[in-house]
Amino acid sequence: MNKATFVELVKTAGKFETKKDAERAVNAFTEAVTKALAKKESVELVGFGKFETAIQKAKTGKVPGTNKTYTTKEKRVPKFRPGKGLKDLVSKK
């Protein structure tokens with residue numbers, strides 16, 4: 001599902017009068033979550049899930065077909081953990 005289709009779904013589910021209002025709601029939500037994660041804060045929506053950041057450890061690997069190796073640096077990445085309500089709903093279908 002792309003953003004335009006998702007905005008239509010939000011418009012219907014949220015009973016927004018216009019597509020523009022629904023798009024503003026989607027943009028506001030994504031911007032708020034982005035800002036919270038940038039501050040290393042988590043966002044928990046009970047029953048839906050939790051947006052948080054986690055440290056991804058540095059790792060080394062080998063380039064296939066050669067003897068070259070590479071190393072990645074440790075970095076902070078976004079993470080989503082679904083809540084029980086969402087897990088139960090998805091597993092039913």
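**Helix packing, aromatic pairs and nonpolar core**

Helix α1 (residues 3-13) packs against α2 at an angle of about 105°, and their axes lie 8 Å apart. The model is predicted. Besides this helix contact, the structure contains 3 aromatic pairs, and its largest nonpolar core consists of 5 residues.

**Packing of α1 and α2**

- Because angles of 65 to 115 degrees count as roughly perpendicular, α1 and α2 are classed as roughly perpendicular to each other.
- On the α1 side, the contact is made by K3, A4, F6, V7, E8, V10 and K11.
- On the α2 side, K19, A22, E23, V26 and N27 take part.
- By residue class, the contact of α1 with α2 comprises 6 nonpolar, 1 polar and 5 charged residues.

**Aromatic pairs**

- The structure holds 3 aromatic pairs; in one of them, the ring centres of F29 and F51 are 6.1 Å apart with the planes at 70°, so this pair is edge-to-face.
- This pair joins distant parts of the chain, since F29 belongs to helix α2 (residues 19-38) and F51 to strand β2 (residues 49-56), 22 residues apart.
- F29 is partly exposed, with a relative accessible area of 38%, whereas F51 counts as buried at 17% relative accessibility.
- F48 and F80 form a tilted aromatic pair, at 5.6 Å centre to centre and with 55° between the planes.
- F48 lies in the loop between β1 (43-45) and β2, and F80 lies in strand β5 (residues 75-82), so the pair ties together parts that are 32 residues apart in sequence.
- F48 counts as partly exposed at 36% relative accessibility, and F80 also counts as partly exposed, at 34%.
- F29, F48, F51 and F80 together form one aromatic cluster.

**Nonpolar core**

- The largest nonpolar core is made up of V33, A36, L37, V43 and F51.
- The largest share of this core, 3 residues, comes from α2.
- F51 is a member of the core and also belongs to the aromatic cluster; its relative accessibility of 17% places F51 among buried residues, because buried means under 20%.
- In soluble globular proteins, nonpolar side chains tend to be buried together.
- L37, another member of the core, is in contact with F51, E52, T53 and P78 when its neighbours within four places in sequence are left aside.

Methods. Residues are numbered from 1 along each chain as its sequence is written. This is a predicted model: local features need pLDDT of at least 70, side-chain atom pairs count only at pLDDT 80 or more; totals for chains, interfaces and linings use all residues. Side-chain values use heavy atoms; hydrogens and water are left out. Rings of Phe, Tyr and Trp (its six-membered ring) pair if their centres lie within 6.5 Å; planes under 30 degrees apart count as stacked, over 60 as edge-to-face and the rest as tilted. Helices (H or I, at least four residues) and strands (E, at least two) are DSSP runs, numbered from the N terminus. Buried means under 20% relative accessible area, exposed over 50%, partly exposed in between (1.4 Å probe, protein chains only). Axes are lines fitted to C-alpha atoms, for helices over the stretch in contact, and angles run from 0 to 180 degrees between N-to-C directions. Angles under 35 degrees count as roughly parallel, over 145 as roughly antiparallel, 65 to 115 as roughly perpendicular and the rest as oblique. Contact means heavy atoms within 4.5 Å. Ala, Val, Leu, Ile, Met, Phe, Trp, Tyr, Cys and Pro count as nonpolar, Asp, Glu, Lys and Arg as charged, and the others, Gly among them, as polar. A nonpolar core is a set of buried Ala, Val, Leu, Ile, Met, Phe, Trp, Tyr and Cys residues joined through side-chain atoms within 4.5 Å.
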